[in-house]
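Student: I'd like to learn how to read the cavities in a model like this one. Can you walk me through it?

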Amino acid sequence: MKAVNLIKKISLGLTGSLLLAASVAQAQTELKVYTALETEQLKPYAKGFNKQYPDIKIKWVRDSTGIVTAKLLAEKNNPQADVVWGLAATSLLVLKEQNMLQPYAPQGVEKLSPKFRDNDATPSWVGMDAWMGALCFNTIEAKRHGLPKPTSWEDLTKPIYKGHVIMPNPASSGTGFLDVSSWLQMFGEDKGWDYMDRLHNNIARYTHSGSKPCKLAAAGETAIGISFAYKGANLKKKGAPLDLVFPQEGLGWDMEAAAIVKGTDKLEAAQKLMDFAITKQANQMYNKSFAVVGYPGVAKPIPHYPSNAEELMINNNFEWAAGKRKEILATWQTRYDGKSDPK
């Protein structure tokens with residue numbers, strides 16, 4: 001009899017636990033979050049958010065900037081995402097122009113640096129951090145091929161580098177687009193396309209990922225990868241034989257940003273994510289990867305970044321870049337897409 005009662009108690013206890021787990025799961029809201037953040041950043045960012053909001057689960061949908069942007073535009077009439085957390089500001093400006101973002105002023109938005117938020121009274125997007133272009137230079141491969149270390153963008157057009165440079169396709173990669181749009185701004189449109197014509201002669205291939213050229217350089221599959229500083233610094237820290245080069249003419253850059261997708265039926269949870277995304281705590285997380293963040297006074301020096309990182313960033317006209325994006329990509333693809341990796 002005692003054994004029967006014990007079994008009943010255990011059974012009741014298990015049933016209660018299952019019901020409790022089911023009720024917790026039922027109470028948890030799932031947000032579908034589109035992002036172009038690096039894969040290794042997703043878990044720490046979600047963990048930081050869940051410390052404050054354990055009842056909201058993030059379901060990440062991650063890809064390169066151009067692919068995420070194209071996916072959002074394709075879903076315009078039937079949105080699938082609730083939030084975008086970590087996509088280029090130039091992409092969010094395109095989405096804003098298409099009336100696809102839900103304006104919202106996160107709590108404390110006035111504390112952000114002005115250039116890290118939309119100019120509207122109720123912003124459609126808010127900035128997180130700035131990522132900047134850089135060259136990943138494999139010192140071992142360079143020595144093997146007798147290649148000097150470049151110091152400028154112009155250096156990359158020299159005949160000695162023919163076949164030794166890999167860069168991202170700007171239609172797929174936000175890093176590729178920030179490079180192309182920055183060259184057009186730095187050099188002027190005519191000289192910018194002339195520069196890319198000459199650079200194209202030396203390009204071995206165009207990848208569909210902004211980080212891949214740097215990964216390929218780290219692996220010794222190319223001497224020079226046009227990429228971005230975060231990936232280069234991260235790989236160098238892990239022991240890759242890389243030097244990071246920050247070309248002297250200036251660095252293209254873009255801002256990672258966050259926004260609510262118009263039409264979400266989880267608006268309250270989406271607003272909580274936006275509130276968190278601009279906090280000092282969130283910016284401290286961003287600063288582990290990026291030297292420039294949206295919350296003033298938070299940024300601390302990052303190993304392998306230049307001490308004057310912000311000074312090297314060009315005066316980027318995001319509105320111009322977003323407005324010209326379609327035209328720029330069409331011209332680029334007509335001229336250079338023949339060397340792109342298969343999709």
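Tutor: Let's start with confidence and then go through the cavities.

Student: What is the mean pLDDT of the protein chain?

Tutor: Keep in mind that this is a predicted model. Where pLDDT is low, the predicted coordinates should not be read in detail. Here the chain averages 92, with 92% of its residues at 70 or more. The stretch to skip is residues 6-26, where pLDDT stays under 50 and the model has 0 contacts beyond four places in sequence.

Student: Okay, on to the empty space. How many cavities of 30 Å³ or more does a search of the whole structure find?

Tutor: The general trick is that rolling a probe the size of a water molecule over the atoms shows where empty space is left. In this structure, that search turns up 3 cavities of 30 Å³ or more. The largest has a volume of about 200 Å³.

Student: Which residues lie nearest the centre of the largest cavity?

Tutor: Those are Ala36, Glu38, Thr65, Thr175 and Phe228, out of 19 lining residues. β3 (83-88) and α6 (174-187) each give at least two residues to that lining, and β3 has the largest share, with 3. By character, the lining splits into 10 polar, 6 nonpolar and 3 charged residues.

Student: And what lines the second largest cavity?

Tutor: That one holds about 40 Å³. Its walls are Leu184, Glu189, Trp193, Trp320, Lys324, Glu327, Ile328 and Thr331. The largest share, 5 residues, comes from α13, while α7 (189-200) also supplies at least two. The lining here comprises 4 nonpolar, 3 charged and 1 polar residue.

Conventions:
Residues are numbered from 1 along each chain as its sequence is written. This is a predicted model: local features need pLDDT of at least 70, side-chain atom pairs count only at pLDDT 80 or more; totals for chains, interfaces and linings use all residues. Side-chain values use heavy atoms; hydrogens and water are left out. pLDDT is the predictor's confidence in each residue, from 0 to 100. Contact means heavy atoms within 4.5 Å. On a 1 Å grid over the protein atoms alone, a cavity is a set of points where a 1.4 Å probe fits but cannot get out, and a pocket is an open set with protein on both sides within 12 Å along at least five of seven lines; lining residues have an atom within 4 Å of a point. Grid points are joined across faces, edges and corners, and a volume is the space filled by probe spheres set on the points. Helices (H or I, at least four residues) and strands (E, at least two) are DSSP runs, numbered from the N terminus. Ala, Val, Leu, Ile, Met, Phe, Trp, Tyr, Cys and Pro count as nonpolar, Asp, Glu, Lys and Arg as charged, and the others, Gly among them, as polar.
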